[in-house]
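Colleague: I should like to learn how to read strands, sheets and buried side chains in a model. May we work through one case together?

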Amino acid sequence: MTGEIRYDAAASAEVTGDAASQPAPDAPATEGAPTPPGSADGVGCHAGAGEMEKAARMAGQSEVLDQYAKDYPQGPHDKPQSMCPAFGSLRVGLRMRRTATVLSGSACCVYGLTFVSHFYGARRSVGYVPFDSETLVTGKLFEDIREAVHDLADPDRFDAIVVTNLCVPTASGVPLRLLPKEIDGVRIIGIEVPGFGVPTHAEAKDILAGAMLNYARAEVEAGPVPAPAQGRADRPSLTMLGEMFPGDPVMIGQMLAPMGLAAGPVVPCREWRELYAALDGGAVAAIHPFYTAAIREFEAAGRPIVGSAPVGHDGTAAWLAEIGDAFGLPAARVAEAQNAALPGIREALAGAPIDGTVTVSGYEGSELLVARLLIESGANVPYVGTACPRTKWSAPDIEWLEAKGAKVTFRASLEDDCAAMEAIRPDLAIGTTPVVQKGKELSIPSLYFTNLISARPLMGPAGAGSLAEVVNAAIGNRDRMARMSEFFEGVGTGDSAGVWEGAPNLRPDFRAQNQKKIDKAARAAKAQEMI
């Protein structure tokens, strides 16, 4: 599929009904409380990542795990510390209209995933097929999943059903690949998202996005498909890859307009027909450059990929030039777009300066873009850590940041982020929850990346001044943080940790006696080594 997509006019005219805009109804779940699962050789939730991966390979999952290892290399350490990766793919499915989601995994995992999904605003139910050791080992679990999918497949309500294997079913080889590809016109998408094979929830979003694009691309190659509900763009469109603040695609569309281009769909998409439009774009902007599986599908469709994003003055100028090259536009058209956008960005940056040293870390995938915007706003950013991997589409941002003196760490661990913060002692630390907690303990103003930074526009003139207010306000709290730390000095640490109704029961004599025992054991071990 390298040419223009053929759309079916008759299918495009179909009315999907109220279900298109309503939350998905409850998905079926087998009755009964599941018992702790395990496979024939005893591998269950309690097993380590190594044992579960070994079991998965013995169960025939080597091809999937090898592809994940290639797409999402873990890097210098074992695994970044972030939430369960399946949250990423679950969130993508829950945000799509006319899409049902079914999980297959341990009850505790499913509870946690559904809880955090609803915490972040999911407005529909999550299907669950529970199991016990017997149904897992005998293969009855797969039969239960297949039955649940058949019961759920109603074309009046759903375009697709996503079935996700979590750690234990993946390790036990529950074969989602054997599910029917479609039932009564409802597409069936089966994916594996084990915690021992997928490093971060950000990359799990790519797993589902890539699987859906693969399915949609096969449909396009087979014949005409329904056109997007909002109709086709009257200009060549640019597909955008990676979740963004809702206003950013609008801003990107305004910057593209002078070049005669339109902003296309954002992948992950919100409904199935958008996948066709995404594949129909003239080029793809890898706003989040770690969507490896999705990029593979776009490249198979013959679409050029452009890295980075229109962030700040330098980023916008370079990005618009790359987009022009991807579409084969004359330099004059590109210059027109740059001249329309760049003065406003310069003005916004000058009107909202940031004066201070800031460290940036997170696991959302936009950490490098945020760091670029902070630097162009005047901040000193010596460290940027991201839990996501380095890809060739990250190159423009890496080169720019390193030229500005920033150290960029991919697959950054919590220890990496905290060590950088402790060594630099910035005016502000932007990071994950534990980084923010550590920063506040050190009297360093800190902001949670996901809720306070990534939930703001970053692109074009709107993004240029968006961070200054919250960042400057946080930096201004440093004196107050110092006073609070002084007031609460010693509370909740050391011997005073925990809850006490009276004064902590301090027994330094016990500590000294125990230390003598430890020292004695160490001397004995040292003597044994000499023998």
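Colleague: Which residue is the bridge partner of alanine 286 in strand 11?

Modeller: The partner of alanine 286 is glycine 307. Before going further, note that this is a predicted model, in which local features need pLDDT of at least 70 and side-chain atom pairs count only at pLDDT 80 or more, while totals for chains, interfaces and linings use all residues. Residues are numbered from 1 along each chain as its sequence is written, and side-chain values use heavy atoms, with hydrogens and water left out.

Colleague: How is the sheet that contains strand 11 ordered?

Modeller: In general, strands of a sheet pair through backbone hydrogen bonds, either parallel or antiparallel. Here, helices (H or I, at least four residues) and strands (E, at least two) are DSSP runs numbered from the N terminus, and two strands pair if DSSP finds at least two bridges between them. This open sheet has four strands in the order 9-8-10-11, with parallel pairing. Strand 9 (262-267) and strand 11 (305-307) are the edge strands, each pairing on one side only. Three bridges join strand 10 (residues 283-286) to strand 11.

Colleague: Which helix packs on this sheet?

Modeller: Helix 12 (residues 292-300) does, touching strand 8 (237-241), strand 9, strand 10 and strand 11; contact means heavy atoms within 4.5 Å. The direction of helix 12 makes about 155° with that of strand 8. Such angles run from 0 to 180 degrees between N-to-C directions, with axes fitted to C-alpha atoms, for helices over the stretch in contact.

Colleague: Which way do the residues of strand 15 point?

Modeller: In a regular strand the side chains alternate between the two faces of the sheet. In strand 15 (residues 428-431), Leu428 and Ile430 point one way and Ala429 and Gly431 the other, and all are buried, that is, under 20% relative accessible area, where exposed is over 50% and partly exposed lies in between (1.4 Å probe, protein chains only). Strand 15 pairs in the parallel sense with strand 16 (residues 446-448) over three bridges, and glycine 431 stands opposite tyrosine 448. Three bridges also join strand 12 (residues 357-362) to strand 15, with threonine 359 opposite alanine 429.

Colleague: Is aspartate 397 buried or exposed?

Modeller: Aspartate 397, found in helix 16 (residues 395-403), is buried, with a relative accessible area of 4%. Among the residues that aspartate 397 touches are Ser308 and Leu368, not counting residues up to four places away in sequence.
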